[in-house]
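I sat down with this structure to look up a few points of its fold. My notes follow in the order I took them.

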Amino acid sequence: MLNYLEGLNEPQREGVVNTEGPCMIIAGAGSGKTRVLTMRIAHLIKAHGVDPFSIMALTFTNKAASEMRERIEKEVGQEARNLWMGTFHSIFARILRFECDKLGYPKDFTIYDTDDSKQLVKQIVKEMGLDDKIYKPNVVFNRISGAKNKLVSWKEYISNPLFKADDESARKPRLGEIYKTYVQRCFKAGAMDFDDLLFNTNVLFKEHPDVLHKYQHRFRYILVDEFQDTNVSQYLITKKLAGVHGNICVVGDDAQSIYAFRGAEIENILNFEKDFPDLRTIKLEQNYRSTQHIVDAANGIIRNNTGQLPKNVWTANPQGESIELIQAASDTEEGRLVASAIFEEKMRKQWRSQDFAVLYRTNSQSRSLEEALRRMNIKYKIVGGLSFYQRKEIKDVLAYLRFAINPQDEQSFRRIINLPKRGIGPTSVDKIIMAAGTRYDGSIWEAVCRPAEYLPARAANAVLGFKDMVEAFRYDATRKDAYEVTRRVAKDTGIIKMLYEDKTVEGLTRYENVQELINAVKEFTDNPEVEDKSLTAFLQEVSLLTGVDQDKDDDPDKVTLMTVHMAKGLEFKHVFLVGMEEDLFPSQMMLGSRKDLEEERRLFYVAVTRAQSKLTLTFALSRYRFGRLTYGERSRFLDEIGPEHMNLSSRKVHTSTTKPASELSFARISAPTKKPTTLGARMAGAKPHKPSEGFAPSDPSKLAVGQKVEHQKFGFGTVEALDMDGMNKRAKVAFDKVGSKTLLLSFAKLRIL
Ligand code: ATP
Ligand code: MG
């Protein structure tokens, strides 16, 4: 017997070995759906000799794909590298790269991220003379995105009276026009946004049957994980690809459908049965992930939804600890209770930081948790949020790289034409764009090559200088690998120099970030698994990283902080779900109807089912939201967990016992980042923290460059640079004994001398 089959129960094995024809597994969380999908692929290769090149597997994140690939590699060896595995976006971007000329796009088309797209929408709204308080870029972009994901083109949009009526009642009658201009501008710029990757794949398959035919024969097996969250556009692509051989296997859980707000269609599950009538459906009912307490609680929660397919999930795992409920006086206290609970559990159970996850409903909740974890010196990572590749300096360098590859890319052009400053002001930029449109058939590059024809001499000269530089990059990009080009771009544009000369702490961080980007490119070109080392290939990879994929630090032993949405498919020994309050979870913004409430409940179900051994739920009686202190009420969802599974915790904040003195490695410890609000302190009965003698957290307003200071651990030093922007005020101090250190002022205990 093939040994990977041994670790499967009967229905799982059925899902693995019946490789031919359509198959659907809709089953509860933790029942082994992803495992079945993985083993099915291994089985195809190992037992049936299927060529990995002809297998396509679609996952929620690229990270999930690479974990799957690793697991398969264990069974079948290096051949696993040839599998087509990844997110819908990354797989079909790859296919479009080969075929996009048929749709009139340049081979090196740019991929606009959401930020670029919203920027473009904003410009169009402005150019049309519309009010951007009514036509908010966010809202307009979401509307366009929604249309694309339902495969509604701008032409159909404009001619459909239903959309028109909708837009008129929303006081945005010109949305259709904006959609049209947006599409045309992207096309002229040789750019596709994320939704276009799927929309255009559909167009390609529809208008070019020969191309569809080619891929139908090429990919003989198609597999989709997290099927419940596919949208119409994604579903149609897979349906078409599987149209000839019918070897399609989809796995998912309707109870975990959490992206309806982004166009995911739970109806896809129902349609699948109609579209593939000889479907094999498999039920998995045994949960292998979680304790009985957790599985039973999760079942109880989802039973409150009327719209779910009935399932009977059970587990043979032990009963486990009951679910812990923590009530905190304030969000600050909530953060501290979570951090100290993690610290204690780590000690008591000898677990590692990576065994813990803290999940929340909205990104902004991470702040109080971060502060508390830092105080305790517990390493953490935030998944999602503002990622490395979205930082300004990184986007600037990437914009140069993108423009070098595709000199029609308007968004990149606008970013870099005067960066670093070369005397080309906004009026000149508008003139260039306008000239491109009126004189040179929409070609920005043409306009850049002939500035003398429409700009005054000085500006024209500056533009020509820019042109020469970019031309050299373009030349390099055709002959050298991504690393060589990136290094040259960072240097020749003057970006590196500009950041190097900026001696503020902020400038230093930016400089380091650009270096880090260069390292990332080097890693890419050095990777033996990467065949195509071109700049185009690198940029494509970067554009399609998802939140979970973006962790750039190698040390895996960290607590994970993320939104519940991001946690889909993952598992952790101990999960904390914080902010269990009315209006926060369920979210006030999403509660328009019963349907919305059910989606929030599914989200709650997803959160609860991430936990393997232990689940802790927390809520705070008061919290700062939108800059105001608000009073919360415990979430109605808490009442959906049977009392026999839950225990009210008696945890207290133990400020004195929580200091892991031996682990002190940095100045970031001891002093609280912010005093508990008087209210919070009163309600919690907590004492304000007493700083140790002589060393108070420095009052940032008293610091100045050149100031002599004393630090409790590092001794005497002189302030070299200050960064007083934003929340994390920092100082770079040259210490006499230990050299330069950058200190977060909210933590550092500095004495001003
Ligand atoms: P989700 O709905 O959250 O995506 P899932 O159904 O995809 O969950 P998996 O992630 O595949 O579930 O499996 C959950 C856990 O159970 C994993 O740790 C997996 O290794 C384990 N598992 C699955 N099947 C078995 C089995 N037959 N024997 C032992 N462990 C199993
Ligand atoms: Mg899964």
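Which residue in β23 does V709 stand opposite? I looked it up: V709 faces I752 of β23. I am working from a predicted model throughout.

**Sheet.** I traced the strands around that pair next. V709 falls in strand β19, residues 708-711, and three bridges join β19 to β23. The two strands run antiparallel. I then followed the sheet outwards and found an open sheet of five strands. I wrote down its order as β22-β21-β20-β19-β23, with antiparallel pairing. The edges are β22 (739-744) and β23 (750-752), each of which pairs on one side only. I also noted the twist: neighbouring strands are turned by 40 degrees against each other on average, direction ignored. As a reminder to myself, strands of a sheet pair through backbone hydrogen bonds, either parallel or antiparallel.

**Helix on the sheet.** Which strands does helix α25 lie across? I found that α25, residues 505-526, lies across β20 (715-723), β21 (730-735) and β22. Against β20, the helix runs at about 80 degrees.

**Helix pair α18 and α23.** I turned to helix packing. Helix α18 spans residues 392-405 and helix α23 spans residues 482-492. They pack at an angle of about 120 degrees, and their axes are 10 Å apart. Angles over 145 degrees would count as roughly antiparallel and 65 to 115 as roughly perpendicular, so I call α18 and α23 oblique to each other. Their crossing is right-handed. On the α18 side I listed V397, Y400, L401 and A404 as the contact residues. On the α23 side, V485, T486, V489 and A490 make the contact. I sorted the residues of this contact into seven nonpolar, one polar and no charged.

**Helix pair α16 and α17.** I took a second pair. Helix α16 (residues 331-349) packs on helix α17 (residues 366-375) at about 45 degrees, with the axes 8 Å apart. This pair is therefore oblique too. I noted a right-handed crossing where α16 passes α17. From α16, the contact takes in D331, T332, E334, G335, R336, V338 and A339. From α17, the contact takes in S368, L369, E371, A372, L373 and R375. How do the residues of this contact divide into nonpolar, polar and charged? I have five nonpolar, three polar and five charged.

**Backbone oddities.** I went through the loops last. Where does a cis peptide bond join F585 to its partner? The partner is P586, and omega is about 5 degrees. I placed P586 in the loop between β15 (572-577) and α27 (594-608). A cis peptide bond also joins L419 and P420, with omega about -10 degrees. P420 sits in the loop between α19 (410-416) and α20 (426-438). I flagged L151 as well: its phi is positive, about 65 degrees, although this residue is not a glycine. L151 lies in the loop between α7 (137-149) and α8 (154-159).

**Record.** I checked the UniProt annotation, which comes from an unreviewed entry. The entry assigns residues 6-291 the label "domain: UvrD-like helicase ATP-binding". In the model, I found the end C-alpha atoms of residues 6-291 to lie 23 Å apart. That span is 52% helix and 11% strand.

Terms used:
Residues are numbered from 1 along each chain as its sequence is written. Chains are lettered from A and ligands numbered from 1 in the order in which they are written. This is a predicted model: local features need pLDDT of at least 70, side-chain atom pairs count only at pLDDT 80 or more; totals for chains, interfaces and linings use all residues. Axes are lines fitted to C-alpha atoms, for helices over the stretch in contact, and angles run from 0 to 180 degrees between N-to-C directions. Helices (H or I, at least four residues) and strands (E, at least two) are DSSP runs, numbered from the N terminus. Angles under 35 degrees count as roughly parallel, over 145 as roughly antiparallel, 65 to 115 as roughly perpendicular and the rest as oblique. A crossing is left-handed if the near helix is turned anticlockwise from the far one by less than a right angle, and right-handed if clockwise. Two residues are in contact if their C-beta atoms, placed from the backbone, lie within 7 Å. Ala, Val, Leu, Ile, Met, Phe, Trp, Tyr, Cys and Pro count as nonpolar, Asp, Glu, Lys and Arg as charged, and the others, Gly among them, as polar. UniProt positions are given in the numbering used here, feature names are shortened, and annotations may be inferred rather than shown by experiment. Two strands pair if DSSP finds at least two bridges between them.
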